[in-house]
Amino acid sequence: MLSRPKSTIARAARAFATLSLAATVAVTGTVSAFAQNVPVVRDAEIEALVRAYARPIFRAAGLPEDGVDIVLVNDQSFNAFVAGSRLFINTGALMSAETPNEIIGVIAHEAGHIAGGHQQKLRNQLERAKTMAIIATLLGAGAMVAGATSKSRGLAGAGMGVAAGGGEMAQRSILAYQRTEEMTADRSAITYLNATGQSGLGMLKTFGRFQSALSLSGAQVDPYRISHPLPRERIANLEVLVKKSPYVEKADPPALQQRHDMMRIKIAAYMGGQAAASRLMRKMPGSLASQYGDAQTSFLFGNLAGALAKTNALIKAQPKNPYFQELRGDILMKANKPKAAAEAYAKAVSLDPARSGLLPVSYGQALMAVGTPNSLEKAVVQINKGLARDRENAVGYRHLAQAYGELGNIPAADLATAEGHFYSGAYKDAKIFAMRAQMKMKRGEPGWIRAQDIINYAPSGKKK
Ligand SMILES: [Zn+2]
């Protein structure tokens, strides 16, 4: 399921009384100003899909394609940005794209900026920065854009207040792609799309939409549009390149389009509520995506029996889809049937070709809810498996600490708590728990060494 960070729990709980939430990122320091508006959302299905979009493009661009982390920013505006191995993309961008090709085109354009070495200095800074700090930066850029709309010039100047609040990173330079860099990135993007046998029409559609959109006001501003200037001749040039490609008419494979539709409906259901999901479902009548949306909204809005029946029908249609099993697990957890939920999550884990770290953690949570010593031992194994795949999942450490605690392994519980604080950016608390764990551990054992790493860590990157 889609889960959000802790800071939005109260607000989200009001919006979706039945939605279960998990904290993924604790928000601290300069980021707190944005916390209410900009959580990161985690979802195995969406992350896997966006990674599937990015991987062939990154390969064609000569970028490292393995271990690309997808960071889903819960914001309705359109934005996408690559920093090192992290691809940040707004849920609003995913929602507004009718085809995979539209998102793939934007990723190809971003890859073109990276391959061209554009903004290299900023990228180097961002590569070392924590995920939440980058989000604050990207959001800062968005806020600057919104604040600057009354003046078409001097965007950087208008955003200075935000820049000052956002730490050391030079937000203003996020807005500073040169026009020549845009042309270069477009050309590179077409090269990558051709190399992967894909059309550039989606990219043309997205950029064309930005150019024609007149509503440059307030919250409606898409940060992406501002950071990637669109002089008139750029679209014209791009159009020529796109139409020259032998793949111009090539549509996305139907299976990929189906996954895309399912993703959009899921985002609509979780972020926009029942009405938003229904609007989208009406555009895809009788489709599997529409059935998926129906099951999701039943689950989210309180009809568990109906949701289970609908999800079972989905599983019958696609027995190998891990996310249908995940949804079944979510429903059974909420129905207070942890044993059956654990079985569903176990299937989800075994079916998941993307090896998401989130699914084993969900499986572990269900095992914890079963509550026998044997299931607690199994829970520890699963949660550790999930964390090994996904080191920065702060919520996973919280569950791990609880499982260890219930098993009576207090040093391991303290170390897991330290890790959770560490990956949330709460270094002081992380050190306290790391020291507490060390006191009960043998000097030099792996847990002791890891605790020492946390104790020695200095946020600036320098060892104390
Ligand atoms: Zn650009």
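Two cavities of 30 Å³ or more turn up in this predicted model. The second largest cavity holds about 30 Å³ of space. Its lining is made up of E45, L49, R259 and Y323. Sort those lining residues by type and you get two nonpolar, two charged and no polar.

Now for the metal. The zinc ion takes its protein donors from H109 (NE2), H113 (NE2), E182 (OE), E182 (OE) and H228 (ND1), at 1.8 to 2.4 Å. If you want to find them in the sequence, look for the spacing H-x3-H-x68-E-x45-H. The pairing of H109 with E182 links distant parts of the chain: H109 is in helix 5 (residues 100-115), E182 is in helix 10 (residues 179-195), and they are 73 residues apart. Both H109 and E182 are buried.

Further along the chain sits helix 17 (residues 304-317), with 14 residues. Does its length come out longer than, shorter than or in line with what 1.5 Å a residue should span? Its end C-alpha atoms are 20 Å apart and the expected span is also 20 Å, so the two agree. The buried residues in helix 17 include G306, A307, T311, L314 and I315. The packing partners of the buried part of helix 17 are helix 16 (288-300) and helix 18 (322-334).

Helix 18 is also where you'll find Q325. Is Q325 buried or exposed? It counts as buried, because its relative accessibility is 4%, and the cut-off for buried is under 20%. Leaving aside residues up to four places away in sequence, Q325 touches I315, P319, A344, K347, A348 and L351. One of these contacts, I315, is among the buried residues of helix 17.

Then there are two loop residues with a backbone angle to look at. Most residues other than glycine have a negative phi. N336 has a positive phi although it is not a glycine, and R355, also a residue other than glycine, has a positive value too. Here they are side by side:

| Residue | Phi | Loop | Relative accessibility |
|---|---|---|---|
| N336 | about 65° | between helix 18 and helix 19 (338-351) | 65% |
| R355 | near 50° | between helix 19 and helix 20 (358-370) | 53% |

N336 counts as exposed because its relative accessible area is 65%, and R355 is exposed at 53%; the cut-off for exposed is over 50%.

Terms used: Residues are numbered from 1 along each chain as its sequence is written. This is a predicted model: local features need pLDDT of at least 70, side-chain atom pairs count only at pLDDT 80 or more; totals for chains, interfaces and linings use all residues. Side-chain values use heavy atoms; hydrogens and water are left out. Donors are N, O and S atoms within 2.8 Å of the metal (3.2 Å for Na, K and Ca); water is not among the atoms, so sites may look incomplete. Helices (H or I, at least four residues) and strands (E, at least two) are DSSP runs, numbered from the N terminus. Buried means under 20% relative accessible area, exposed over 50%, partly exposed in between (1.4 Å probe, protein chains only). On a 1 Å grid over the protein atoms alone, a cavity is a set of points where a 1.4 Å probe fits but cannot get out, and a pocket is an open set with protein on both sides within 12 Å along at least five of seven lines; lining residues have an atom within 4 Å of a point. Grid points are joined across faces, edges and corners, and a volume is the space filled by probe spheres set on the points. Ala, Val, Leu, Ile, Met, Phe, Trp, Tyr, Cys and Pro count as nonpolar, Asp, Glu, Lys and Arg as charged, and the others, Gly among them, as polar. The expected span of a helix is 1.5 Å times one less than its number of residues. Contact means heavy atoms within 4.5 Å.
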